[in-house]
Amino acid sequence: MCAQLIGAAEGQLCRMANQTFGCRVVQKFIPLAAALGLHDLVCDDLREGIGELMADRNGNHVVQRCVDTEDPVLSVCPVLTVFFSSSL
């Protein structure tokens with residue numbers, strides 16, 4: 001059931017992360033996706049708008065949750081790696 005919810009949100013995570021209540025949903029998806037082994041799906045989705053997420057007051061919470069997560073893939077955060085490598 002949880003994997004279906006995450007799959008249904010695929011392609012919408014950046015848009016949701018910029019919304020007041022949507023950012024809370026995406027923040028809940030991050031540890032859930034890590035536990036289900038779906039962290040790549042979340043990272044790929046967030047990678048699209050990382051610059052906008054970092055600048056947005058709601059999206060910034062989602063980026064912070066990626067950094068704070070226990071999952072090594074998300075804590076290293078390929079999303080942030082892509083952002084910093086493109087800004088150099």
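No disulfides are counted in this predicted model. The sulfur of Cys14 has its closest cysteine sulfur in Cys66, at 9.9 Å, which is too far for a bond, since a disulfide requires the two sulfur atoms to lie within 2.5 Å. Cys14 belongs to helix α2 and is buried, at a relative accessible area of 17%. Beyond its neighbours within four places in sequence, Cys14 is in contact with Asp45, Leu46, Gly49 and Leu53. A further relation across the sequence links Cys14 with Glu48: the two are 34 residues apart along the chain, while their C-alpha atoms are 7.5 Å apart in space. Another cysteine, Cys23, is buried as well, with a relative accessibility of 3%.

The protein is composed of eight helices and has zero strands, so that the order of elements from the N terminus reads α-α-α-α-α-α-α-α. Of its 88 residues, 38% are buried. Among contacts with a separation of 6 or more, 68% are between residues that stand 24 or more positions apart.

The largest nonpolar core contains 17 residues, and the most contacts inside it are made by Leu13, Val26, Val42, Leu46, Leu53 and Val62. At least two residues of this core come from each of α2 (13–17), α3, α4 (39–47), α5 (50–55) and α6 (59–68). The greatest contribution to the core is that of α3, which gives five residues. Val26 illustrates the arrangement: apart from neighbours within four places in sequence, Val26 is in contact with Leu13, Met16, Ala17 and Val62.

Helix α3 was examined further. For its 15 residues, a rise of 1.5 Å a residue predicts a span of 21 Å, and the end C-alpha atoms are 20 Å apart, in agreement with that value. The buried residues of α3 are Gly22, Cys23, Val26, Gln27, Phe29, Ile30, Ala33 and Ala34. Gln27, which lies in this helix (residues 22–36), counts as buried because its relative accessibility is 13%, below the 20% limit. With neighbours within four places in sequence set aside, the contacts of Gln27 are with His61, Val62 and Arg65. Val62 is thus a contact of both Gln27 and Val26. Just after α3, Gly37 adopts a positive phi of about 75 degrees.

Charged residues were considered next. Side chains of opposite charge can pair when their charged atoms come close. The structure holds one salt bridge, formed by Asp44 and Arg47, whose closest N and O atoms are 2.7 Å apart. The two residues are three positions apart in helix α4, and therefore about one helical turn separates them. Both partners retain some accessibility: Asp44 is partly exposed at a relative accessible area of 42%, and Arg47 is partly exposed at 28%.

Asp45, also in helix α4, presents another case. Asp45 is buried but has no salt bridge, and the nearest side chain of opposite charge, that of Arg15, is 9.3 Å away. This distance exceeds the 4 Å within which a side-chain nitrogen and a carboxyl oxygen must lie, and so Arg15 does not serve as a salt-bridge partner for Asp45. Leaving aside neighbours within four places in sequence, Asp45 is in contact with Ala9, Glu10, Gly11, Gln12, Leu13 and Cys14. Of these, Leu13 is listed with the residues that have the most contacts inside the largest nonpolar core.

Asn60 is placed in helix α6 and is partly exposed, with a relative accessible area of 37%. Outside its neighbours within four places in sequence, Asn60 is in contact with Leu53 and Met54. Leu53 also appears among the contacts of Cys14. The C-alpha atoms of Asn60 and Asn18 are separated by 8.4 Å, although the two residues are 42 apart along the chain.

Key. Residues are numbered from 1 along each chain as its sequence is written. This is a predicted model: local features need pLDDT of at least 70, side-chain atom pairs count only at pLDDT 80 or more; totals for chains, interfaces and linings use all residues. Side-chain values use heavy atoms; hydrogens and water are left out. Helices (H or I, at least four residues) and strands (E, at least two) are DSSP runs, numbered from the N terminus. Buried means under 20% relative accessible area, exposed over 50%, partly exposed in between (1.4 Å probe, protein chains only). Contact means heavy atoms within 4.5 Å. A nonpolar core is a set of buried Ala, Val, Leu, Ile, Met, Phe, Trp, Tyr and Cys residues joined through side-chain atoms within 4.5 Å. The expected span of a helix is 1.5 Å times one less than its number of residues. Lys and Arg count as positive and Asp and Glu as negative; His and the chain ends are not counted.
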